Amino acid sequence: MGRLSVNLCGIEMDNPVIPASGTFGFGYEFAALYDINELGTFSFKGTTKDPRFGNPTPRIAECTAGMINAVGLQNPGVDKVIAEELPKLKKCFHKPVMANVSGFAVEDYAYTCQRLDAEEQVGWLEVNVSCPNVHGGGMSFGTQPEAAAQVVKAVKAVTTKPVIVKLSPNVTDIVAIAKACEQAGADGISLINTLLGMRIDLKTRRPIIANKMGGFSGPAIFPVAVRMVYQVAHAVSIPVVGMGGVSTAEDVIEMMLAGATAVEVGAANLVDPYVCRDIIRQLPAVMDRYGITNLRDIIGGVQ
């Protein structure tokens with residue numbers, strides 16, 4: 001094991017850095033820029049049972065220290081992901097990949113997870129009950145402990161690989177939802193997904209995004225993410241994957257001190273496609289600066 005290595009739900013990773021779902025496609029797009037095997041792993045584009053075109057445009061609005069998006073889970077559906085996307089990925093990525101799954105009914109989640117669970121390349125299932133950009137699914141499952149637990153139980157009943165539940169920050173009590181997921185059998189928790197935000201065009205006096213509201217991400221949300229990772233990591237006994245505004249090696253260490261075993265990088269990938277590679281390369285020097293020998297030793301180091 002190297003000094004950057006961590007173990008996430010029983011799977012060894014060379015380092016804890018994970019490009020977040022929706023910001024890294026299916027991986028092979030970035031493989032044209034650098035060797036993506038430098039990554040710990042990555043979470044591929046959110047996948048649903050059936051193909052989705054996504055929300056109407058415009059879908060993006062810029063903000064101070066961040067952005068709002070309402071892409072709406074555009075993806076080709078699980079059948080095409082298995083038949084077309086994973087074979088392309090296999091040619092350029094030789095580690096277990098994290099499969100991000102969304103749904104509009106409990107049965108959707110179970111079906112899609114069961115299909116992806118059978119794929120050799122998939123190491124973890126990241127079950128997204130927190131997308132704010134779809135109607136009638138996604139976040140509606142992640143705002144009530146009972147609903148989140150129902151999804152977890154259904155997925156765990158048909159899968160064998162680690163199930164990591166991705167939670168929404170748009171709730172009053174994130175800890176209660178995380179505990180409900182753990183009790184239902186979740187192997188890990190990832191958080192936070194985007195905050196719900198909105199921008200208005202002063203000239204037209206209309207929302208900039210066609211969906212009116214969307215997911216606010218970027219450096220501005222980092223303190224909220226650190227707080228919620230800290231709260232959840234100290235309330236559950238399963239691993240936590242931290243994310244939300246991460247853009248530097250220092251941010252990764254801060255997230256891990258708060259309790260994260262691994263750290264996802266989202267919006268920063270859209271600004272700089274090399275950011276995850278560069279964070280990994282910069283981590284040893286930053287660790288030396290703060291007297292850190294091994295990253296796994298600092299997980300949850302703040303009490």
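These exercises, with worked solutions, explore a predicted model.

**Exercise 1. The seven-stranded sheet**

Find the strand order of the open sheet of seven strands, and say which strands stand at its edges.

*Solution.*
Step 1. Start with the pairing. Strands of a sheet pair through backbone hydrogen bonds, either parallel or antiparallel. In this sheet the pairing is parallel.
Step 2. Read the order. It runs β3-β15-β14-β9-β8-β7-β6.
Step 3. Look at the ends. β3 (17-19) and β6 (97-101) each have a single partner strand, so one side of each lacks a neighbour in the sheet.
Step 4. Add the twist. From one strand to the next it averages 30°.

**Exercise 2. One edge and its helix**

How many bridges join β6 and β7, and which helix touches both strands?

*Solution.*
Step 1. Count the bridges. β6 pairs with β7 (residues 122-128) over five bridges, in the parallel sense.
Step 2. Pick one point along the pair. Asn100 stands opposite Glu126 in β7.
Step 3. Find the helix. α3 (residues 106-117) packs on the sheet and touches β6 and β7.
Step 4. Compare directions. The direction of α3 makes about 165° with that of β7.

**Exercise 3. The four-stranded sheet**

Work along the open sheet of four strands, from β4 to β10.

*Solution.*
Step 1. Write the order: β4-β5-β13-β10, with antiparallel pairing. The edge strands are β4 and β10 (195-197), and each pairs on one side only. Neighbouring strands are turned by 35° against each other on average, direction ignored.
Step 2. Go from β4 to β5. Strand β4 (residues 60-63) pairs with β5 over four bridges. Cys63 has Gly66 in β5 as its bridge partner. The two strands form a hairpin with two residues between them. In the turn, Ala65 has a positive phi of about 55°.
Step 3. Go from β5 to β13. Three bridges link β5 to strand β13 (residues 214-217). Here Met67 has Ser217 as its bridge partner.
Step 4. Finish at β10. Three bridges join β10 to β13. Leu195 is the residue whose bridge partner in β13 is Phe216.

**Exercise 4. Two helices of twelve residues**

Check the span of α4 and of α6, then find what their buried residues pack against.

*Solution.*
Step 1. Check α4 (residues 145-156). At 1.5 Å a residue, its twelve residues should span 16 Å; the end C-alpha atoms are 16 Å apart, so the two values agree.
Step 2. Check α6 (residues 222-233). From its first C-alpha to its last, this helix reaches 16 Å, close to the 16 Å expected.
Step 3. List the buried residues, those under 20% relative accessible area. In α4 they are Ala147, Ala148, Ala149, Val151, Val152, Ala154 and Val155. In α6 they are Phe222, Ala225, Val226, Met228, Val229, Val232 and Ala233.
Step 4. Recall a rule. An α-helix has 3.6 residues a turn, so residues three or four places apart point the same way.
Step 5. Name the partners. The buried residues of α4 pack against α3, β7, β8 (163-166) and α5. Those of α6 pack against α5 (174-183), β9 (188-191), β14 (240-242) and α7 (249-258).

**Exercise 5. The largest pocket**

What is the volume of the largest pocket, and which residues lie nearest its centre?

*Solution.*
Step 1. State the volume: about 710 Å³.
Step 2. Take the lining. It has 39 residues, of which Ser21, Gly22, Thr23, Asn69 and Thr194 lie nearest the centre.
Step 3. Link the lining to the fold. β5 (66-69), β15 (262-265) and α8 (268-271) each supply at least two of the lining residues.

Key: Residues numbered from 1 in each chain as written. Predicted model: local features only at pLDDT ≥ 70, side-chain atom pairs only at ≥ 80, totals over all residues. Heavy atoms only, no water. Pairing = 2+ DSSP bridges. Axes fitted to C-alpha atoms, helices over the stretch in contact; angles between N-to-C directions. Contact = heavy atoms within 4.5 Å. Expected span 1.5 Å × (residues − 1). Buried < 20%, exposed > 50% of the residue type's maximum accessible area, 1.4 Å probe, protein only. 1 Å grid on protein atoms, 1.4 Å probe; cavity = no way out; pocket = protein on both sides within 12 Å on 5 of 7 lines; lining within 4 Å. Points joined across faces, edges and corners; volume = space filled by probe spheres on them.
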